[in-house]
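Q: Can we go through this model term by term, and check what earns each label?

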Amino acid sequence: KSIAALIPSEPSGNNVPLFGVRTEADPPSLGWDEAACWLLHAHCWDTAAIKSGAVGDAEVKGGKTTGNPVGSVGRLGVVVPTGTTLFETLLLNLPIAKADLRPGQREAVDRPQWRRPPVGPSWVSRDAEGVLDLLTWQSRRIRLVPSVDEKAGGPVVRTVVLAAGDRLSSIPEYEPHTAWSIVADPKAGEAPQRPRRHRSGRAAWRGLDGLLAARSAEGTVLSSVLFRQIGNLHAEEALEYDFLLGVELVGLEYGNQSAVVENLVHDTLPLPVAALRADLHVGETVARLAGDADKLVKAINFLEGDLCRARGGEMVPWDKGERASNRLVHRLDGIARRILSGLQREPSRLDEAMAAWAEAARQATLDTAEELMAQLSPAAFTGRADDRRAYRAPLAEIRFRAGLRDALPELASDDLESAPDAMEVAE
């Protein structure tokens, strides 16, 4: 096949004439270094479905192998800690663990792929034997086919053989680059925790509960192995109190039975390293940013819906059109990132930072609400009523202010505190 089979962003197959400027007769030309990078990418993120049958593979039927899962990390929401230099990033991403030596063995069972016998065309479905085996998992059998490009002046890679590889039976709990969702009552044979996936269109700071060291209050979330390790290193003073820790989130969204890539999820985030410590309350406090934002978004959504009904209309379905809450999230995004960046450098000023967040978030929400109120027609103040309740602009504002007080109770003023009672009287 064309080398485009390894590159998700490059159209290939039947859709090339419709959505691309290339045809199968004119594949991209990659140097060996770039082709090697895309080979590694395919091991990690390749799509599922049918693959070419390798010569010697007993599972081949009609020249194809079916039932292939996505690449080894395609089922994860990858979370990578980053430092200020490449050296720091490499160290932060190394799990600290003892070698798995069994009685009578000189070498650990867990080995990287280059210390194992060379793989053949046949593949197996098994569990990983350890972190080294997991990080070098051979999820595909790939051969880069060279050709000569006279313009490039040397060999290039334009075609590839992409066949089925080893299948990972389950994601082990020592997978270092993912957060986990805890299953309250797992069924027989199911793992008690599952990898968390990233959601497109949702900023990284709105998922802070999955990045912190301790489980959430409901015990449903557990951070990654590496972030728990970083929290322990910070507690042992192996990392500075104001260490500039970054977070990089990566994930792919697949469609059509995971046979195509629909979307790439990527975000970066500054994170106070003290928030990863289980013995401090910094993480619980910082996680309030996400909780407050969800409540503020809910208040704006209710306001927009009530005002729409007061005008005599109905809300647009949630998956269609733009909402005022999208503008609010955009405003809150910059505020949250500035707060987290400031706490990286001065984590001792936690109370001041959270007070600044509450005030700025409240003002951003009021600005968004003001935009909605400014668009109202006189008919919205007269409103309308159905069998359940009345919809008028003043009632909508009262309900909104009650939601604002619930989201940010520390800033509740007299008019906000009276909002619930006034709403009950008005209704």
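A: Sure, starting with the largest pocket: α2 (32–45), β3 (78–82), α3 (86–92), α4 (131–135) and β11 (244–255) each supply at least two residues of its lining. Helices here are DSSP runs of H or I with at least four residues, strands are runs of E with at least two, and both are numbered from the N terminus. This is a predicted model, where local features need pLDDT of at least 70, side-chain atom pairs count only at pLDDT 80 or more, and totals for chains, interfaces and linings use all residues. Residues are numbered from 1 along each chain as its sequence is written, and side-chain values use heavy atoms, leaving out hydrogens and water.

Q: Which element gives the most to the lining of the largest pocket?
A: That's α2, with 6 residues. Of the 26 lining residues, C44, V73, V78, L135 and H177 are the closest to the centre. By class, the lining has 15 nonpolar, 9 polar and 2 charged residues.

Q: Why is W205 called buried?
A: Its relative accessible area is 0%, and buried means under 20%, with exposed over 50% and partly exposed in between (1.4 Å probe, protein chains only). So W205 makes the cut. W357 counts as buried too, at 0% relative accessibility.

Q: What makes the pair of W205 and W357 edge-to-face?
A: The ring centres lie 6.1 Å apart and the planes are at 70°. Rings of Phe, Tyr and Trp (its six-membered ring) pair if their centres lie within 6.5 Å; planes under 30 degrees apart count as stacked, over 60 as edge-to-face and the rest as tilted. Both values fit, so the pair is edge-to-face. The two residues are 152 apart in the chain, with W205 in the loop between β9 (193–195) and β10 (221–222), and W357 in helix α9 (residues 350–374).

Q: Why is C37 called exposed?
A: C37 has a relative accessible area of 53%, so it falls in the exposed class. C308, at 12%, is buried.

Q: How many disulfides does a search of the whole structure find?
A: The search finds 0, where a disulfide is a pair of cysteine sulfur atoms within 2.5 Å.

Q: How do you know that the charged end of R399 sits over the ring of F302?
A: It is 4.3 Å from the ring centre. The rule asks for NZ of Lys or CZ of Arg within 6 Å of the ring centre and within 35 degrees of the ring normal, and R399 is listed as sitting over F302.

Methods: 1 Å grid on protein atoms, 1.4 Å probe; cavity = no way out; pocket = protein on both sides within 12 Å on 5 of 7 lines; lining within 4 Å. Nonpolar A, V, L, I, M, F, W, Y, C, P; charged D, E, K, R; others polar.
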